[in-house]
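The following exercises practise the reading of charged side-chain pairs and of chain symmetry. Please study the sequence and the structure before attempting each solution.

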Number of protein chains: 4
Amino acid sequence: MPKTIAVLTSGGDAPGMNACIRAIVLACERENYTVYGYLHGYNGLLNQEYTQLHAERVHNLNQLGGTILHSARCREFKTQDAAERAAANLDALEVDMLIVIGGDGSFRGAMHLSNYWDGQIIGIPGTIDNDINGTDATIGYYTAIETAVDSIDKVRDTADAFERIFLVEVMGRHAGFLGLSAALASASDFVLLPELFESEAATLKQIGEQLSERREQRGNISYIIVLAENLWPGGINKLAEKLQSLTQSEVRPVILGHVQRGGAPVSQDRIMAMKLGAHAVSLAGSQTNCVMVGERYGKPCEVPLPVTWSEPKPLSDSDVNTMKQLMNNRYA
Amino acid sequence: MPKTIAVLTSGGDAPGMNACIRAIVLACERENYTVYGYLHGYNGLLNQEYTQLHAERVHNLNQLGGTILHSARCREFKTQDAAERAAANLDALEVDMLIVIGGDGSFRGAMHLSNYWDGQIIGIPGTIDNDINGTDATIGYYTAIETAVDSIDKVRDTADAFERIFLVEVMGRHAGFLGLSAALASASDFVLLPELFESEAATLKQIGEQLSERREQRGNISYIIVLAENLWPGGINKLAEKLQSLTQSEVRPVILGHVQRGGAPVSQDRIMAMKLGAHAVSLAGSQTNCVMVGERYGKPCEVPLPVTWSEPKPLSDSDVNTMKQLMNNRYA
Amino acid sequence: MPKTIAVLTSGGDAPGMNACIRAIVLACERENYTVYGYLHGYNGLLNQEYTQLHAERVHNLNQLGGTILHSARCREFKTQDAAERAAANLDALEVDMLIVIGGDGSFRGAMHLSNYWDGQIIGIPGTIDNDINGTDATIGYYTAIETAVDSIDKVRDTADAFERIFLVEVMGRHAGFLGLSAALASASDFVLLPELFESEAATLKQIGEQLSERREQRGNISYIIVLAENLWPGGINKLAEKLQSLTQSEVRPVILGHVQRGGAPVSQDRIMAMKLGAHAVSLAGSQTNCVMVGERYGKPCEVPLPVTWSEPKPLSDSDVNTMKQLMNNRYA
Amino acid sequence: MPKTIAVLTSGGDAPGMNACIRAIVLACERENYTVYGYLHGYNGLLNQEYTQLHAERVHNLNQLGGTILHSARCREFKTQDAAERAAANLDALEVDMLIVIGGDGSFRGAMHLSNYWDGQIIGIPGTIDNDINGTDATIGYYTAIETAVDSIDKVRDTADAFERIFLVEVMGRHAGFLGLSAALASASDFVLLPELFESEAATLKQIGEQLSERREQRGNISYIIVLAENLWPGGINKLAEKLQSLTQSEVRPVILGHVQRGGAPVSQDRIMAMKLGAHAVSLAGSQTNCVMVGERYGKPCEVPLPVTWSEPKPLSDSDVNTMKQLMNNRYA
């Protein structure tokens, strides 16, 4: 019996979402399934806004940032009424399986819908923040690291030219994955992460000590601090001021901002997106339901949706260890 | 008689300064001249901080952003005392020609020095702002355009995904070169430039009209406004607020910031830097003095230093015309 | 009276052709003109294969390499029969002006067509080779330089690691523009260009001397030779062999190949493409006919089509001069 | 008791080797160890050519492709005499631990040395080929994928413009890791890998069938085949000829070549390099000897050197599976 699959992208867009859509469409074509793409996240589901997808449409989609299905937040979707309307719309289209590409908010929405709809629901983690429990990485995370590092590398040029202190804010919502990876890869001098943050005073003291020691040893130097967003009370400008008075030097704040969400995905995001998309389709018709298809040790894995937000995902011990050996200390 | 040449980089650093230093060193080696690099802009001249430069040292310098000679601002240099000290230092090193790579502030410094020193002084325009009269472009300008456009292209991905309005601030000091080029190349929807700015009210009206017309024709769309820095009263956040209330939509501000100063220079900056550097050295021993070596119609040109800051350099008519045909109007 | 404009891309594709198509479409929309895009170069004209173009279709086209209209060679187009058929097809569509984006072969085709068709014909130079007389640059040229330089920069890393000799072939058809710019910007050590080529023997002697002198002064070094395609008798492998026996060292050949034709266009190509496209549309209805719209000193210029292939375009004196000062000699 | 550590890079250079050197130096500085860098791989060990390394020297090394210690092949090192000489040189410098960054040939050399030297020997996998048993990835592998994919993306532009068949050869020595990842990420249409190669005839048949089916369904299309080097009898040109006569269409061969070895490392290579380098230093003074420090499931692991070349490392099942679902078949 031929199957019908629908896919939508929801929450913050992430590079690689399109590669995932492409994989889903190609895998469906192979199995002779029909595929619909709902537009604007859950809003499209509520308003029955969709488009049928074919192999021609997804040509070269691997290379494209953003999402051709558009994304959106949808507060209304939390209500019973909305979920019932969505269920009715899915049934009207005879959809057997709904694939939701997004973050934990999107997965909560999917779980809510499952109370009112009998079809299969599969989540795929797509967010630059990598803050989804149960998967080693999320689609878009690797690209966002590269974008942040590329920018910090550029900041280093000008920091070196002027032997100046820069404070660079990277995204990550309430998690430090992006900040830690970007700081490590860019060989930044200090990093502030929510998972490792003790107090304002302790942080300032540590930076002050590291900086004076370096200046004693090497004279004037450039110095780059990576700051995870939503961490410092009062924000980056407040921290810049404090550092300025602490170090008696100009401190320039740089907010990388939404640039980190876009761009052609890097290979690791493309490959992971393809793997997860193809695996999701392979589950059609099975008993598997209400799971996220994530990646564990290079292979697709299946994790019950509620597990994905049940607890904060910890930073990699090994990355934190490397950071402690090579950054935030007076030797690096 | 073998000559001695000194070079320094001053003011905001710009990608391609190193390629220029490399060209100067290689051209000097060819002519058997000695070359010194003063460190930290005019500060090095005051403190006799310098290093002798050889071909080995400049290997692969074409690829490197920033400046290996470091740059700095130097307020003190405006005094007679400082200029006299610099002159004495140059004489002590038996320097015949001083090459200053920088912007108009650096050129004013050079002119000031010429009142107290008899040697040859040559300026080379190095700034991402392109705001130097008498040269078609400045070293670093092309790279900064590329960096800004690369970022705005990424912003477009996320703007398209959410059909959202973004406001992107680019550098340029008090000139619109970088803003205009970046907006054109990135196919932005609207651009605000100091040279073409009428009033807050007129601008808001124009944006409002363009946006409503587009929405009528095409429904929800992404919309990117490029804003030159130092233009809008109250800054980008003030404008974002106004737009938000004007358009009844979220408006996200993005400040590209210091990222625009760094990075490996693009080919056009490298080639121009090499051309100007080699030409400057070729003037050693001639009567030419107190000029900037710039580029005009693809060839090196020589312009008296005071001309470089005598009046604001106008935007290219042809670029403005293209902008008016393809942006800031309801058709694009 | 509303006008109808048709556009096609022909010959080797070049990054920026899409940006030019976008500009043409937007400029036409502004003037209320109808625009058709013929597909597959002149073949589409012969087979009446076309598509109507609208602003929606060209969204984000500035960023896209290749050409959405596809390109092709079309030998058949040289005949009278073909030109008459094309003329009839254009008339059937009531086309007033045909814009041909391509190289000199495409312009010859356009001129041939003009003998059989009364409408306006405008050429726009689109080729990575920059070998079109009467324009300072051609759409795609700047991007191809950047791609070549990016690759040679990477080759330099491995050449430095092994202190090895590399021979890198770049495109350019029978012209040295791409080779010269790529060699300069990448700080290559030697460049072989058709315009400056004397003889095999003289070239080998020069390389041999430069290399031995360097090795005497600096010991083992990396050494990169840029070779324009279609220059060396027997091709790159023949030259590599000769160099190997001359230098008693391994010589690695690298052919950059078709990679040089693709990629997102750099800003200079995008802006030039927009400028030329918008200017071409502005000529609709005027007496101007059978001209190429090129760029001279940063402004659009108009050049009779036959002038574009009347004689080989010379390399820039200033670039050649810089090359002689900084490359192909024992000092660099 | 303060320790002395020596490091060398050997075999084909790979992006990230410098990031690894940096990590080793910083970790040593933290522990108050002395670090020497031997130059030119094992040759430097034989000729006692080395340099002492300090934190200043490794500033910004994360960003730099190639290896500042230079690399080389060293056939002579296989002899007993050479190993004894190397051992004597290490003892003369009072080296406690030697770290060898390279591929399996380099590890065999290290194992050979261990027969004549009592110090600790640690290998770190550095090669773009990823063909080292016992580690999930090797330093340089991720960057090489990105470089290859970036090039194939560009080839796609021109392939699409002309609806033409391209054959792209990627590196990998005798393994298909790079080929598989590059083909997947670039959304190529077919991939030929040594691990999955059956016969010339079977391959040609498969390609022929896939291509005719696509052409029936979609008309003319672009089609990209990725070919692992050293696989096809007679090489890429032979295969291009066969495909040309099989498909009755032009087939353009592109050899990516040494470009794949260079470039600034991507973040994943930088972070892995830092992790492995820091971990290697942490082993100083322990009983661990003659192991490679690789990465397993995101953490450093230790593998006896002989295991690294004991058997060919298999391709990831999961990647092969994804390939079979989305490529090399008539649906994709």
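**Exercise 1.** Are B:Glu295 and B:Lys275 buried or exposed?

*Solution.* The model is predicted: local features need pLDDT of at least 70, side-chain atom pairs count only at pLDDT 80 or more, and totals for chains, interfaces and linings use all residues. Residues are numbered from 1 along each chain as its sequence is written, chains are lettered from A and ligands numbered from 1 in the order in which they are written, and side-chain values use heavy atoms, without hydrogens and water.

Step 1. Buried means under 20% relative accessible area, exposed over 50%, and partly exposed in between (1.4 Å probe, protein chains only).
Step 2. B:Glu295 is buried, and B:Lys275 is buried as well.

**Exercise 2.** Determine which side chains meet in a salt bridge with B:Lys275 and with D:Lys275.

*Solution.* Step 1. A salt bridge is a side-chain nitrogen of Lys or Arg within 4 Å of a carboxyl oxygen of Asp or Glu.
Step 2. B:Lys275 pairs with B:Glu295 (3.6 Å, N to O).
Step 3. D:Lys275 pairs with A:Asp319 (2.6 Å, N to O). This pair crosses between chain D and chain A, and both D:Lys275 and A:Asp319 are buried.

**Exercise 3.** State how chain C can be laid on chain D.

*Solution.* Step 1. Copies are superposed by least squares on the C-alpha atoms of residues with pLDDT of at least 70 in both.
Step 2. A turn of 180° and a shift of 0.0 Å along the axis lay chain C on chain D with an RMSD of 0.0 Å.
Step 3. The two copies are therefore related as by a two-fold rotation axis.

Key:
Helix = DSSP H or I, 4+ residues; strand = E, 2+ residues; numbered from the N terminus.
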